[in-house]
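Colleague: I am new to this structure and would like a close look at one part of it, the charged residues. Could you walk me through where they sit and what they pair with?

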Amino acid sequence: MGAEAVSGANRPPTAALRPALPGDVPMLAAIAEAAILELTEEDYDSDQRDAWAAAASDEEALAARLTDQLTLVATRDGEVVGFIALADNRLIDMLYVRPEAVGEGVASLLYDAIERLAGARGATSLTVDASDTALDFFSKRGFAPKQRNTLSLGGVWLANTTMEKPLAAPETTH
């Protein structure tokens with residue numbers, strides 16, 4: 001992830017958030033594929049990126065995966081620029097941003113919203129299996145590494161890190 005701040009007149013318009021709709025799946029798959037192929041080059045080799053992107057861009061599998069998840073999309077001028085999915089009110093399952101929107105605060109906007117929603121729904125912590133590319137993003141938001149993982153995807157091994165962040169208890173009013 002790049003710098004989140006963009007100054008002055010060059011600042012892109014603020015993204016809006018909304019729940020994901022079934023018709024969004026093709027765009028979400030395309031965003032995930034582009035993000036994997038274009039943003040993870042420093043951390044994963046081409047075989048790893050290709051296997052990961054192939055799995056992420058499978059629209060049928062993605063639709064099934066998102067069925068029971070809380071998924072938010074960020075839009076700018078009506079165009080989807082990123083999304084985040086929360087499983088079981090505790091696991092950030094996916095967070096992808098269109099490569100040309102990286103560094104414009106989209107990932108932060110999505111993450112902050114999902115953290116607030118999870119907390120309001122009673123979550124006491126959040127976990128994520130962060131790619132090597134996303135480690136810094138989640139570390140800056142208070143996540144701590146818990147374990148290193150390797151997984152086989154399309155016959156290729158990829159590594160990620162399970163990270164966890166405790167959430168503050170919601171404030172109660174008397």
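Modeller: Gladly, and let's start with the words for how open a residue is: buried means under 20% relative accessible area, exposed means over 50%, and partly exposed is in between, using a 1.4 Å probe and protein chains only. This is a predicted model, so local features need pLDDT of at least 70 and side-chain atom pairs count only at pLDDT 80 or more, while totals for chains, interfaces and linings use all residues. Residues are numbered from 1 along each chain as its sequence is written, and side-chain values use heavy atoms, with hydrogens and water left out.

First, some orientation. The protein chain has five helices and seven strands; here helices (H or I, at least four residues) and strands (E, at least two) are DSSP runs, numbered from the N terminus. Read from the N terminus, their order is β-α-α-α-β-β-β-α-β-α-β-β. The protein chain holds 174 residues, and 45% of them count as buried.

Now to two acidic residues in loops. Asp88 lies in the loop between S3 and S4, and with a relative accessibility of 59% this residue counts as exposed. The phi angle of Asp88 is near 55°, a positive value in a residue other than glycine. Asp77 also has a phi near 55°, again positive in a residue other than glycine. Its place is the loop between S2 and strand S3 (79–87), and Asp77 is exposed at 73% relative accessibility. For background, most residues other than glycine have a negative phi.

Next come the pairs of opposite charge. A salt bridge is a side-chain nitrogen of Lys or Arg within 4 Å of a carboxyl oxygen of Asp or Glu. By this rule there are nine salt bridges. One of them joins Asp93 and Arg65, whose closest N and O atoms are 2.7 Å apart. Asp93 belongs to strand S4 (residues 91–97) and Arg65 to helix H3 (residues 59–66), so the pair ties together parts that are 28 residues apart in sequence. Both ends are partly open to the outside: Asp93 is partly exposed with a relative accessible area of 22%, and Arg65 is partly exposed at 41%.

A further salt bridge brings together the side chains of Arg76 and Glu104, at 2.5 Å from N to O. This pair links distant parts of the chain, with Arg76 in strand S2 (residues 70–76) and Glu104 in the loop between S4 and helix H4 (106–120), 28 residues apart. Arg76 is buried at 11% relative accessibility, whereas Glu104 is partly exposed at 26%.

Glu100 and Arg98 also meet in a salt bridge, at 3.6 Å from N to O. Glu100 is exposed, with a relative accessible area of 54%, while Arg98 is buried at 14%. Salt bridges that share partners join Glu79, Arg98 and Glu100 into one network.

Some acidic residues gather in a patch instead. Glu38, Glu41, Glu42 and Asp43 form a negative surface patch. Patches are made of residues with over 30% relative accessible area and no salt bridge, with like charges joined within 9 Å and nonpolar side chains (Val, Leu, Ile, Met, Phe, Trp, Tyr) within 5 Å. In this count Lys and Arg are positive and Asp and Glu negative, with His and the chain ends not counted, and the place of a charge is taken as NZ of Lys, CZ of Arg, CG of Asp or CD of Glu. The areas come from the Shrake-Rupley method with a 1.4 Å probe, and for residues only the protein chains shown count as cover. Within this patch, Asp43 sits in the loop between helix H1 (25–39) and helix H2 (46–56), and Asp43 is partly exposed at 34% relative accessibility.

One last acidic residue is Glu59, found in helix H3 and partly exposed, with a relative accessible area of 40%. Contact means heavy atoms within 4.5 Å. Not counting residues up to four places away in sequence, Glu59 touches Val25, Pro26 and Ala29. The C-alpha atoms of Glu59 and Ala29 are 6.1 Å apart, although the two residues are 30 residues apart along the chain.
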